[in-house]
Amino acid sequence: SISLPGGVSLSGNKFGGSSNGATSNSGIQFVNMRDLVMADAAAPGVNIVLEDNSGLNDVYGDEVSTRGVLYLNNVRNAQMTSIDLSKMTAGQGTSYALKVNNGVNVSVLNGKGSNRYHGYYFEGGRDLTVTGNDLTGSGNQRDYPALRFSNVQPGSVNTANGIAASGNLFGGANVRTGLRIDNAKNILIRNTSAGGAHIVIEDNSGLNNITQGDGNSDHPAIYLSTVSDITVDNVDASRPSGQDAGGIWVTNSAANSNVTIKNCNFNRHRRAIYCSGGKDYTIQNNTLLNSGGANDQPAIYLQNIQQGSLTGGILMSGNTFGGTSSFGGIRFENMRDLTIGDLNTGGNVKIEDNSGLNNMGGNSGGSSTNYVLHLNNVNNATVDNVDLSRPVGATPAQDFTGIRIDNGAAYGPITIKDCTISRHRGGISAQGGKDYTVTGNDLRG
């Protein structure tokens, strides 16, 4: 008898294409198997050969959630090297390139998952390694990104969180979201492997080359959902030109905490940083130039954040705003205990004099409906000695509202003192709430 490694030997098969009105919408599934070594050419130890001309890159797909090119379900000890799961013709296939469900010790190396609605999707499992893959042209929206990890657990190899990813390529036409992570903790995302980064997004990864424009911020370059103890450090997810889409979006439950976003480039996004729910966010030293498309899509939008170990649940400083395409600065919503000031007066929120919130140069035609600083249903907040003035030479010379407050009857107190809010269409606009102290502000011009 012959004993085959993994119980299978596969090579020389043809897939994809269309005939007599029928189109190939799915490729291969491996279910409840182990010890699978896949490559694009025969080699010692390879038991599954998926040649470059096999036609897997001619599988189109007609339903992105359930149909795709390669599906591994409950597979253990699988390695894929140089497998082409891309769509070879123009446009995005309505399908996924690769889906791995509850995989253990799965490596995907130097493959292609280009031009698919959904690139690579890993659901559950542990010890996943994803390096050197081309995912350009994939990632149609935040629900179907180019690369997604969901519910992955720590393993015996990748002990912190079960994930090791680096050297992957993103971006291009039709792309909205590059990376998504769900239900995870203890992850460091960085542009180099220094410091033990688990997911490396290199400066030339293409996450700064997402070009799709929809005129909204519904689909960010990076989307994090129900995550704790996560750091995103020195990642370039800027737009190459114009202003559109979102930079990073974090949506958390009350049980999630400790998210740090620092030293990143989110230039030219309608909403650069959006954090909703959870506790204890640190947002420092990010570049947000020409970001902020409107008062509901500002450069930084913080919503429903609660205090854990950080006062007010937030520590913010060193971020850079402004530019001729900037229409919204910072919005705090359903939060409390904010001490907003400059380098010296700021507590948990520092807006330094050179931050660029005094350089919001967008042209809204002299309207007061765009806000530099917006507080919405906020309790116990102080804004002290912050420069929010309109830049000299901007067109029109008088535009925006410097500080806008929209509070319900139960919200307050609010103190605004010693701020510079010059040359705005509206200086300070307070709607609703209680217990306002407004003293010593410069509203000239």
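A residue is called buried when its relative accessible area is under 20%, exposed when that area is over 50%, and partly exposed in between. By that yardstick N102, at 37% relative accessibility, counts as partly exposed. The model in which N102 sits is a predicted one, and the account below moves from the whole chain to single positions before returning to residues such as this one.

Taken as a whole, the protein contains 27 strands and zero helices. Its radius of gyration is 25 Å, close to the 22 Å that the globule rule gives for 445 residues, so the protein is as compact as a globular protein of that length. Measured out along the principal axes, the C-alpha atoms fill a box of roughly 90 × 45 × 35 Å. Of the 445 residues, 56% count as buried, and among the contacts between residues at least 6 apart in sequence, 72% join residues that are at least 24 apart.

The surface can be described in similar terms. The protein exposes about 16200 Å², of which carbon and sulfur atoms supply 42%. There are 31 positive and 35 negative side chains, and the centres of these two sets lie 3 Å apart.

The cysteines offer a simple piece of reasoning. A disulfide requires a pair of cysteine sulfur atoms within 2.5 Å, and by this rule the count comes to zero disulfides. For C264, the closest cysteine sulfur is that of C275, and because the two sulfurs are 11 Å apart, they are too far from each other for a bond. C264 counts as buried, because its relative accessibility is 1%, and C419 counts as buried because its relative accessibility is also 1%.

N102 itself belongs to the loop between β6, which covers residues 93–101, and β7, which covers residues 104–109. If residues up to four places away in sequence are not counted, N102 touches N74, V75, E123, G124 and G125. One of these partners, N74, is 28 residues from N102 in sequence, yet the two C-alpha atoms are 5.0 Å apart in space.

Two other loop positions, L56 and I83, can be read alongside each other. L56 lies in the loop between β4 (48–49) and β5 (68–81), and it counts as buried because its relative accessibility is 1%. Leaving aside neighbours within four places in sequence, L56 is in contact with F15, G27, I28, L50, V69, D84, L85, S86 and R116. I83 is found in the loop between β5 and β6, where it is buried, with a relative accessible area of 3%. With neighbours within four places again left aside, the contacts of I83 are M38, A39, D40, L50, G111 and K112. L50 thus appears in the list for L56 and in the list for I83.

Distances from these two residues to later parts of the chain give a sense of scale. L56 and L315 are 259 residues apart in sequence, and their C-alpha atoms are 48 Å apart in space. I83 and V383 are 300 residues apart along the chain, with their C-alpha atoms separated by 56 Å. V383 also serves as a reference for G347, which is 36 residues away along the chain and whose C-alpha atom is 10.0 Å from that of V383. G347 is found in the loop between β21 (330–341) and β22 (349–350), and it is partly exposed, with a relative accessible area of 36%.

Several positions deserve a look at the backbone itself. The peptide bond from T395 to P396 is cis, with omega near -10°, and P396 lies in the loop between β23 (371–384) and β24 (401–406). The peptide bond from G412 to P413 is cis as well, with omega near -5°, and P413 is found in the loop between β24 and β25 (414–417).

Two asparagines have a positive phi although neither is a glycine. N183, with a phi of about 50°, lies in strand β12, which comprises residues 179–190, and it is partly exposed, with a relative accessible area of 37%. N290, with a phi of about 55°, is instead found in the loop between β18 (279–284) and β19 (300–303).

Definitions and conventions
Residues numbered from 1 in each chain as written. Predicted model: local features only at pLDDT ≥ 70, side-chain atom pairs only at ≥ 80, totals over all residues. Heavy atoms only, no water. Buried < 20%, exposed > 50% of the residue type's maximum accessible area, 1.4 Å probe, protein only. Helix = DSSP H or I, 4+ residues; strand = E, 2+ residues; numbered from the N terminus. Rg over C-alpha atoms; globule rule 2.2 N^0.38 Å. Contact = heavy atoms within 4.5 Å. Areas by Shrake-Rupley, 256 points an atom, 1.4 Å probe, with all protein chains shown as cover. Lys, Arg positive; Asp, Glu negative; His and termini not counted. Charge placed at Lys NZ, Arg CZ, Asp CG, Glu CD.
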